[in-house]
Amino acid sequence: VQRFAFNFLINKVKQLRIDTVGIIEKLNLQQTFIDMNNSLPSRWQRSTVVKLCDEIMYVIGFAGIGGTSAAVESVASFLQVKIPAEAPKNPSTLVSTRRPTR
């Protein structure tokens, strides 16, 4: 059962990555990635341009979309004066009440 569930999730991620690269094809941006790969020093060039495209799109999806979503959620909570569930229950424990010794 665990293997089936894990494989199911892996296949969904694989399909998402295929679909993401498909966006580049749909928008006819392949030459951009070809130029990027060719402009890299030889030791950093990818064996296929698709590999470079996949890596870049993964980073954009992970950091760009995920990071932006997290930032929007944090700012919205701040503006609504909501304390996140992961915040410490007693904020005074974060501040030391002891004075430094001289």
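Which residue follows α3, and what is the sign of its phi? In this predicted model, α3 is followed by Val81, which has a positive phi near 55°.

**View 1. Helix α3 and the residue that follows it.** Helix α3 covers residues 49–79, and at 1.5 Å a residue its 31 residues should span 45 Å, which agrees with the 43 Å that separates its end C-alpha atoms. Within α3, the residues Leu52, Cys53 and Met57 are buried, and the buried residues of this helix pack against α1 and against α2, which covers residues 30–39. Beyond the helix comes Val81, with its positive phi near 55°.

**View 2. Helix α1 and the residue just after it.** Helix α1 runs over residues 2–26, and its 25 residues, at 1.5 Å each, should span 36 Å, in agreement with end C-alpha atoms that lie 36 Å apart. The buried residues of α1 are Thr20, Val21 and Ile24, and what covers them includes α2 and α3. Just after α1, Asn28 takes a positive phi of about 55°.

**View 3. The crossing of α1 and α3.** The axes of the two helices come within 10 Å and cross at roughly 105°; because angles of 65 to 115 degrees count as roughly perpendicular, α1 and α3 are described as roughly perpendicular to each other. On the α1 side the contact is made by Arg17, Thr20, Val21 and Ile24, while α3 contributes Cys53, Asp54, Met57 and Tyr58. Sorted by character, the residues of this contact comprise five nonpolar, one polar and two charged.

**View 4. The largest nonpolar core.** Five residues form this core, namely Val21, Ile24, Phe33, Cys53 and Met57, and the elements that give two or more residues to the core are α1 and α3. In soluble globular proteins, nonpolar side chains tend to be buried together. Cys53, when its neighbours within four places in sequence are left aside, is in contact with Val21, Ile24 and Phe33.

**View 5. Arg17 and its surroundings.** Arg17 has its place in helix α1 and is partly exposed, since its relative accessible area is 31%, a value that lies between the cut-offs of under 20% for buried and over 50% for exposed. Leaving aside neighbours within four places in sequence, Arg17 is in contact with Asp54 and Tyr58. The C-alpha atoms of Arg17 and Glu55 are separated by 9.3 Å, although these two residues stand 38 residues apart along the chain.

Methods. Residues numbered from 1 in each chain as written. Predicted model: local features only at pLDDT ≥ 70, side-chain atom pairs only at ≥ 80, totals over all residues. Heavy atoms only, no water. Axes fitted to C-alpha atoms, helices over the stretch in contact; angles between N-to-C directions. Helix = DSSP H or I, 4+ residues; strand = E, 2+ residues; numbered from the N terminus. Parallel < 35°, antiparallel > 145°, perpendicular 65-115°, else oblique. Contact = heavy atoms within 4.5 Å. Nonpolar A, V, L, I, M, F, W, Y, C, P; charged D, E, K, R; others polar. Core = buried A, V, L, I, M, F, W, Y, C linked by side-chain atoms within 4.5 Å. Buried < 20%, exposed > 50% of the residue type's maximum accessible area, 1.4 Å probe, protein only. Expected span 1.5 Å × (residues − 1).
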